[in-house]
Each structure stands twice: as structure tokens, then as C-alpha cells.
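Trainee: I have a new model open on my screen and would like to learn how to read it. Could we go through it together?

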Amino acid sequence: MRKETADILSLLDSYTLSTPEDAAMKIADDFRSRRVEKGLTREEIARRSGVALGNIARFEQKGLISLKNLIELASVLGYLPEIKSIFAEPKFATMEELELIRRNSGKKKAYLKSRKCGTDD
């Protein structure tokens with residue numbers, strides 16, 4: 001397969017992760033690839049990160065891991081900046097959502113829209 005085709009398919013793949021489980025497995029698969037590329041065994045990355053070997057195996061096989069452990073693994077592989085910036089920029093799907101983001105920018109808490117007492121809207 002040509003590099004351009006592979007790049008396009010890779011880009012499309014990132015937009016087709018339809019469930020949180022799909023995303024978790026993609027992250028786990030990418031982690032495993034990066035670990036192997038650096039020549040690190042599960043045992044070595046466990047030693048360097050402080051994450052239990054069983055947790056690493058479960059992550060690579062099932063995509064299950066705590067956020068704390070994911071951050072530890074990301075740090076060992078040099079991906080801490082990417083983890084730290086995951087929610088750095090607002091995301092929106094509609095213009096209404098963008099306007100809501102702009103109105104709420106800088107707020108520290110979210111509040112429910114007020115409702116009249118005793119009504120079943």
C-alpha cells in the first residue's frame with residue numbers, strides 16, 4: 001500500500017471510532033506498538049512506570065486501565081504533553097454549542113437551567 005493511501009486510511013480511522021470501547025482498544029493498540037518500537041517488554045515498562053504488570057497486560061488486551069496508570073505509562077513513553085492537553089481546547093459540533101462554549105468560557109461551575117417549581121417540562 002502506498003504511504004499516501006495509508007495516511008488517508010489512518011486519518012479516516014481516527015474519525016470512525018464509534019464507541020468508548022473502540023477508542024480504548026485503539027489507545028491500547030497504539031500503546032503496545034509504541035512500547036514494542038522502543039524495545040520495551042511489559043516487565044520493563046512496569047518497572048519504569050510503577051504500574052503493575054497485570055494492569056499493563058489487561059490494558060493491552062482489553063483496553064482497561066485507570067487514568068493514573070495511563071498517565072504513568074504515557075510519561076514513560078514521552079507522551080505526557082499529549083495527555084495533559086487532551087481537554088485543552090473546546091470541541092463543538094454545532095454553532096449553538098460553540099455559542100454556549102463562548103458564553104460559559106471562564107466559568108468555574110455549570111448550573112442547570114432554571115425550571116419552574118412543580119412543573120413537568
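Mentor: Gladly; we will go from the overall fold to single helices, an aromatic pair and a pocket, keeping in mind that this is a predicted model.

Trainee: Which pattern does the protein chain follow along the sequence?

Mentor: Start with the secondary structure, which comes to 7 helices and 0 strands. With helices and no strands to place, reading along the sequence gives the pattern α-α-α-α-α-α-α.

Trainee: What percentage of the residues of the protein chain count as buried?

Mentor: For this we need a cut-off: a residue is buried when its relative accessible area is under 20%. The chain has 121 residues, and the share of them that counts as buried is 16%.

Trainee: Let's look at single helices. Where do the buried residues of α3 lie around its axis, on the same side or on opposite sides?

Mentor: First, list them: helix α3 covers residues 42-49, and its buried residues are I45, A46 and S49. Around the axis they cover an arc of only 105 degrees, so they sit on the same side of α3.

Trainee: Which elements do those buried residues of α3 pack against?

Mentor: Packing here is a matter of contact, with heavy atoms within 4.5 Å. The partners of the buried residues of α3 are α2, α4 and α5.

Trainee: And how is α4 arranged: which exposed residues are on the face turned away from its buried side?

Mentor: The buried residues of α4 are I56, A57, F59 and E60. Their arc, seen down the helix axis, is within 160 degrees, so they line one face of α4. These buried residues pack against α2, α3 and α5. The face turned away from them carries the exposed residues G54, Q61 and K62.

Trainee: Which residue just after α4 takes a positive phi?

Mentor: Compare the end of α3, which is followed by G50 with a positive phi near 85 degrees. Just after α4, a glycine also has a positive phi, here about 75 degrees, and that residue is G63.

Trainee: How far is the C-alpha atom of G63 from that of D29?

Mentor: D29 lies in helix α2, and at 32% relative accessibility D29 counts as partly exposed. Along the chain, D29 and G63 are 34 residues apart, yet the separation of their C-alpha atoms is 8.2 Å.

Trainee: How many aromatic pairs does a search of the whole structure find, and what is the angle between the planes?

Mentor: The search finds 1 aromatic pair. F31 and F59 form this pair, with centres 5.4 Å apart, and it is tilted, at an angle of 45 degrees.

Trainee: How many residues apart are F31 and F59?

Mentor: F31 is buried, with a relative accessible area of 7%, and F59 is buried too, at 1%. F31 belongs to helix α2 and F59 to helix α4, so to speak two distant parts of the chain, and the separation is 28 residues.

Trainee: Last, the largest pocket: which element gives the largest share of its lining?

Mentor: The largest pocket has a volume of about 590 Å³. Of its 14 lining residues, the closest to the centre are I27, L70, E82, I83 and I86. Elements that give two or more residues to the lining are α2, α5 and α6. The largest share, 5 residues, comes from α5.

Trainee: How many charged residues are in that lining?

Mentor: Sort the lining by class: 11 residues are nonpolar and none is polar. The charged residues in the lining number 3.

Terms used
Residues numbered from 1 in each chain as written. Predicted model: local features only at pLDDT ≥ 70, side-chain atom pairs only at ≥ 80, totals over all residues. Heavy atoms only, no water. 1 Å grid on protein atoms, 1.4 Å probe; cavity = no way out; pocket = protein on both sides within 12 Å on 5 of 7 lines; lining within 4 Å. Points joined across faces, edges and corners; volume = space filled by probe spheres on them. Helix = DSSP H or I, 4+ residues; strand = E, 2+ residues; numbered from the N terminus. Nonpolar A, V, L, I, M, F, W, Y, C, P; charged D, E, K, R; others polar. Phe/Tyr/Trp six-rings, centres within 6.5 Å; stacked < 30°, edge-to-face > 60°. Buried < 20%, exposed > 50% of the residue type's maximum accessible area, 1.4 Å probe, protein only. Arc of directions from axis to C-beta.
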